[in-house]
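Q: Could you take a close look at one part of this model for me? I would like a connected walk through it, with the numbers that matter to a computational chemist.

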Amino acid sequence: MSQSYDRGLIEDFGRWREFSAGMWAWIFHKFTGWVLVGYLFTHVAVLSTALTSASADPATVAANQDLYTQTIRTLESLLVVRVLEVGLLAVAVFHILNGTRLLLVDLGIGLESQDRSFYASLILTGAIVVASVPTFLAGVSL
Amino acid sequence: MYEYDVIVVGAGGAGLRAAIAAQEAGADVAMVTKLHPVRSHTGAAEGGINAALREGDDWELHAYDTMKGADYLADAPAAEALTQESPEEVIQLEHWGMAFSRDDDGRVSQRPFGGLSFPRTTYAGAETGHHLLHTLYEQVVKRGIDVFDEWYVLNLAVSDESQPDDRTCHGVVAYETATGNVEAFTARDGVILATGGLGQVYDHTTNAVANTGDGVAMAYRAGVPAEDMEMIQFHPTTLPSTGVLISEGVRGEGGILYNDEGERFMFEHGYAKNDGELASRDVVSRAELTEVNEGRGIEDEYVHLDMRHLGEERILDRLENILHLAEDFEGVDGLEEPMPVKPGQHYAMGGIETDEFGQTCVEGLYAVGECACASVHGSNRLGGNALPELIVFGKRAGRHAADEDLGAPRVPVGQTGDSEPGSVEPPVELGEPWAAEGAVADGGAAADTAEAVVERTLERERERVERLLERDEGTQHSDIRAAVQRTMTENVNVFREEGALKEALVDIHAARQRYRDVYVADPSSTYNTDLIQTIETRNLLDIAEMITVGALAREEFRGAHWRKQYQERRDDEWLKHTMVSWSDGSPELWYKPVVLEGEAGAYEPKERSY
Amino acid sequence: MAEHYSSFRAGGRLWLWQRITAAFLIVVLAFHFFLLHFVHHADEVTFLMSANRMETWSYYSLMVLFLVTATFHGVNGVYNALINVGLSGTKRQVVKGVLVVASLLLLVQGFRTANAWAGIDLLPIL
Amino acid sequence: MSTQRPEPETETESAKTDAEAAEGAPKERRLDEKRRRAEERERKRVEEAERVAADAERYHLKVFRYDPEVKGKQEPRFDDFHVPYETGMTVLDALIYARDEFDASLTFRHSCRQAICGSDALFVNGRQRLGCQTQLSDLEQPVRIEPLPHQDVVKDLVVDMEHFYDQMESVEPYFQTTDRPDGELEEQRQSRENREKIKTSTRCIWCGACMSSCNIAAGDNEYLGPAAINKAYRFAMDEREGDEMKRRRLEIIEQENGVWRCQTQFSCTEVCPKDIPLTEHIQELKREAVKSNLKFW
Ligand SMILES: Cc1cc2nc3c(=O)[nH]c(=O)nc-3n(C[C@H](O)[C@H](O)[C@H](O)COP(=O)(O)OP(=O)(O)OC[C@H]3O[C@@H](n4cnc5c(N)ncnc54)[C@H](O)[C@@H]3O)c2cc1C
Ligand code: HEM
Ligand code: SF4
Ligand code: F3S
Ligand code: FES
């Protein structure tokens, strides 16, 4: 080969419009997976730091006046946090549904309808999230 | 400069088998091929491989069918070698893992094929060639044989004695497509040509675009005679729009041909009262064209091939590929409607003259496969007889080239005492009398050492490539190629007539004149296909001329060769091979007798009826 | 030319564990979400309630298992994704090390958190 | 288009004299009919040609061009070609037309024209397809034709296939067995079911479309890729090789760059011109590998 032309990776993702169902599923699953690990780490970090500041005083605890409870409550009263939680729900639901789809595919089930099952995961995710919005936003103080 | 014991040119079924055999016989082998091996046209073969494997069948019957199918223009020792060794070669393929279709007991299935007295065609679905090609390539990979793929062989390095029989082939010169390098390959023991078919001289053909007859043309210009070139097989069932083949397997399984009036014409119009659709290919092709010419064709172009009655299960099991082909290339669903078919160029029975070990008259030069003429197929090849030819003769040539002693050949090559001069009256000058390229052949030069021969050829080919690239105006190869294809299709087709044949010679001559002016538009040395096609076109000119000269010479009707003026087989005069040799830049015509004497006795010409 | 691979690698094992943990997580993650957002609304979460739940053995072990599987599943998923984009050699070893350390930290921290609720005096946070 | 007729003129002549002898013979009537139809067709053809020329029913192709040596092509660009359309025309036909009529330097691999040699896998309107198997009429204009993504471009539509070949050849793609039947002309037995099982996997024509469509194969050049795994499947599932070989085959495909890299994107299965269920085969191998390993873990 005298020379050849490598079109590189940029070009691949420049082609996103041409991606097929399976590829989108892959991308979404990756994204949601990463978000979930990210959340797992933050979640544990937040809980444990909040707990450190929780006083061991049983009285405050009994009155739900401990620092932990208050931190969580403060956080939960923020709209952003609630919205983020809805996002998290979406992410988790999609990851679960598509994860189930992938598990089935691994078992050799439903290979022919893999694109349809992906769309189904998307739609279901949407539906569940929309249905949960009221619950998630309940009691938020603006 | 590369050096090997044996150089195999071409990596279709024939070349691959030859390379494996040569390597097993201890030679250091390289394959040089213009396409990657798995791209070779052997992959397109659909129907099957004939081998007398079973109880009730034997090689003698197969040989008899072959000689009869050949209309007695085949050489018996070659036909017998084919039929004797085909069974073990087929089993060898099976042992190498080829995915043959199977019977219930797990043995290789066989099916009936045109012109066969026993259902002896082994097959792998309707993709037999694909499986054969890949199985053989796998063995080449396993053995680690060097493959130079996408290297186009430009010419043979042949010494330049005045008699072709005294010449020796020392190697080849090839062009590396990716880079434009021209390099020499020296062969210590032998060069095996396995370059395949030449269908590109016609425009309606089942052959690939790469089937340009390079090997035949190269050997021819090095002085090796071309044998029975007029014997071109037209396959009766090709798709009208593309020439894609619908395998004979369809008729073998029971497919039926109908004309526009819904008649099963093979029987109803008496073309083959016994065998009907399963008559030999030439018979069916002519029948179809007669139907069309007499106004019973569909859209005055084709007839229908119907396999619906075979049932979906059987079709899917044995002919699935046909469904895909009909769908993709003609938009027809073979399960629902009959498929349109018409004859198209399919196979060259003729080719480089060899003996039954693949040797040509030039020392160290071999030819096998479709480019060679051993001659097994005579004037008409039976379906399923080409693939066994690849493996049987591939193996023989490979071993012979690797210096294994296989005994003395019984098919003579080169001009001998038995040869008889011939002549035709061409309307124009033939060949390239203006070619100042060396007095005798344009293969090599008068030099004594192998090295010098190779070196000279290398120089010459480098110059040729440079010359072609330097010019930047003139004619383009595509115009010339199209003109040749047009005239061949119009004038040297299934039905042949003297006036038309002469017209073709005039056209070919004109095309040659234009070729003197040819130029390559693409200046690049990277993957310059324009250059390669220009060189191929030169080969097509020679091939077209050989075919036409042979057709004009043979004044009889035998096998695939039909002459309007001579409506019968004339054994007393024409039981002989037409030979064309390149001599002083023009074709020299001569004849050699057919060898009908075989191990199983003499094959007495009988009337060929199906 | 043809590389030859022969030595057996544990690729399949990790792959299998990824599936097994996934199957487990489907249930637990759904349960977790449901419990903490639907049964008890998020803003009603209190230390006391958590502590109460954690004090039940089964809940405690479920949560610890949840932590372990989720960590494995998540971190292994990330590692796998990185290998898929062609991470190899020393870089890969480094990333592997970092991921292992991070997950250990996460596990320890998570474990301590759970203990705090459950009132177990192992590696106490409080 | 070929017209295979023995001398139409003379045929006509003799037919006419025949006609005088036996007027109204059915054959003669048919021949007359045929001549009439031929004339009509010819008239139609001319009209058609005129019509085509007039409103120039041409397909608009946008073709990727690149040549490392030729000035003006060193920077990749797209060239426009307007190719007159004929029914049944494929992308390959259109490219050949463009090359032969407009620009002889337009470069692409092709040979068989019938989807068996695997040389003309191209990226057409955003999808990997064989040029010869793709009808122009199925495509939206302009038809964008590019070399296969994820492979280095050698020139125009020609890509470097070396890596693909290396992967194919790294899975020991040849039949191996320790026990051969005795007897000279004895074949190994294979059940119909078993042949059926490997059938689709044996259809691969090495076109590289699948590999080009797989994002994992693109990102990680060590990944064997769907075609090579399918090749391994073809042998692993072939009962003739025997159990011992099957284990060995599974070891090859379950090495770290083997089946585990597959993320079931399915694009390989979608683009394969031979309809090989690649993902299914890969998944089956994963399960086979796990199954056989469970015995050992
Ligand atoms: C559609 C079709 C169906 C067929 N079906 C059957 C069937 O069912 N049964 C049967 O018996 N026969 C069949 N045949 C005939 C048979 O397939 C062919 O005759 C046979 O495959 C030719 O094999 P080969 O090895 O000689 O050539 P090919 O397979 O054509 O190989 C030629 C090789 O030569 C190389 N080459 C050519 N020129 C050069 C050069 N200048 N430099 C370097 N390399 C070069 C090419 O790269 C290629 O590798 C069929 C043929 C066709 C076209
Ligand atoms: C609830 C049920 C879950 C299911 C069914 C599930 C399923 C899966 C599956 C099957 C994979 C493998 C994809 C592949 O290799 O092809 C995967 C990847 C992954 N999962 Fe989950 N998962 C679940 C929960 C989680 C959780 C809780 C986390 C976070 C901690 C997580 C993080 C990840 C990550 C990071 C990946 C890798 C993504 C990538 O390929 O980049 N998953 N999941
Ligand atoms: S598996 Fe299909 S797409 Fe991949 S190389 Fe083979 S034929 Fe082409
Ligand atoms: S596209 Fe790639 S990820 Fe797997 S299913 Fe096919 S190999
Ligand atoms: S030209 Fe052979 S596959 Fe398209």
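A: Happy to. Let us start with a ligand shell in this predicted model. The shell around ligand 4 holds eight nonpolar and five polar residues, and no charged ones. Those 13 residues include D:Cys214, D:Tyr223, D:Cys262, D:Gln263 and D:Cys268, which come nearest to ligand 4. Two helices of chain D, α10 (267-271) and α11 (278-294), each give at least two residues to this shell.

Ligand 3 makes a good companion case. Around ligand 3 there are 13 residues, and the closest are D:Cys204, D:Cys207, D:Gly208, D:Cys210 and D:Cys272. Sorted by class, the shell of ligand 3 has twelve nonpolar residues, one polar residue and no charged residues. Cysteine is counted as nonpolar here, so the cysteines named beside ligand 3 fall into the nonpolar class.

Now for the side of chain D that faces its partner, chain B. The contact draws 73 residues from chain D and 92 residues from chain B. Together the two chains bury about 6,900 Å², with 44% of that area on carbon and sulfur atoms. Across this interface there are eleven salt bridges. One of them joins B:Glu320 to D:Arg203, with the closest N and O atoms 3.1 Å apart. Polar contacts between chain D and chain B link 42 residue pairs, counting pairs in which both residues have pLDDT 80 or more.

Which elements of chain D give two or more residues to the side that touches chain B? They are the helices α1 (8-21), α2 (26-55), α3 (91-102), α4 (162-169), α5 (192-199) and α8 (226-236), along with the strand β6 (153-155). The largest share comes from α2(D), which gives six residues. By class, the side of chain D that touches chain B has 27 nonpolar, 16 polar and 30 charged residues. Charged residues are thus present on this side of chain D, whereas the shells of ligand 3 and ligand 4 have none.

To round things off, here is a brief look at chain A. An unreviewed UniProt entry annotates residues 21-41, 79-97 and 118-140 of chain A as "transmembrane region". In the model, residues 21-41 of chain A are 100% helix and 0% strand, and their end C-alpha atoms lie 30 Å apart. Residues 79-97 of chain A are likewise 100% helix and 0% strand, with 27 Å between the end C-alpha atoms.

Terms used:
Residues are numbered from 1 along each chain as its sequence is written. Chains are lettered from A and ligands numbered from 1 in the order in which they are written. This is a predicted model: local features need pLDDT of at least 70, side-chain atom pairs count only at pLDDT 80 or more; totals for chains, interfaces and linings use all residues. Side-chain values use heavy atoms; hydrogens and water are left out. UniProt positions are given in the numbering used here, feature names are shortened, and annotations may be inferred rather than shown by experiment. Helices (H or I, at least four residues) and strands (E, at least two) are DSSP runs, numbered from the N terminus. Contact means heavy atoms within 4.5 Å. Buried area is the accessible area (1.4 Å probe) that two parts lose on being put together, summed over both. A salt bridge is a side-chain nitrogen of Lys or Arg within 4 Å of a carboxyl oxygen of Asp or Glu. A polar contact is a pair of N or O atoms within 3.5 Å; within protein, one must be able to donate a hydrogen and the other to accept it, and residues adjacent in sequence count only if both atoms are side-chain atoms. A residue is near a molecule or strand if one of its heavy atoms lies within 4 Å of it.
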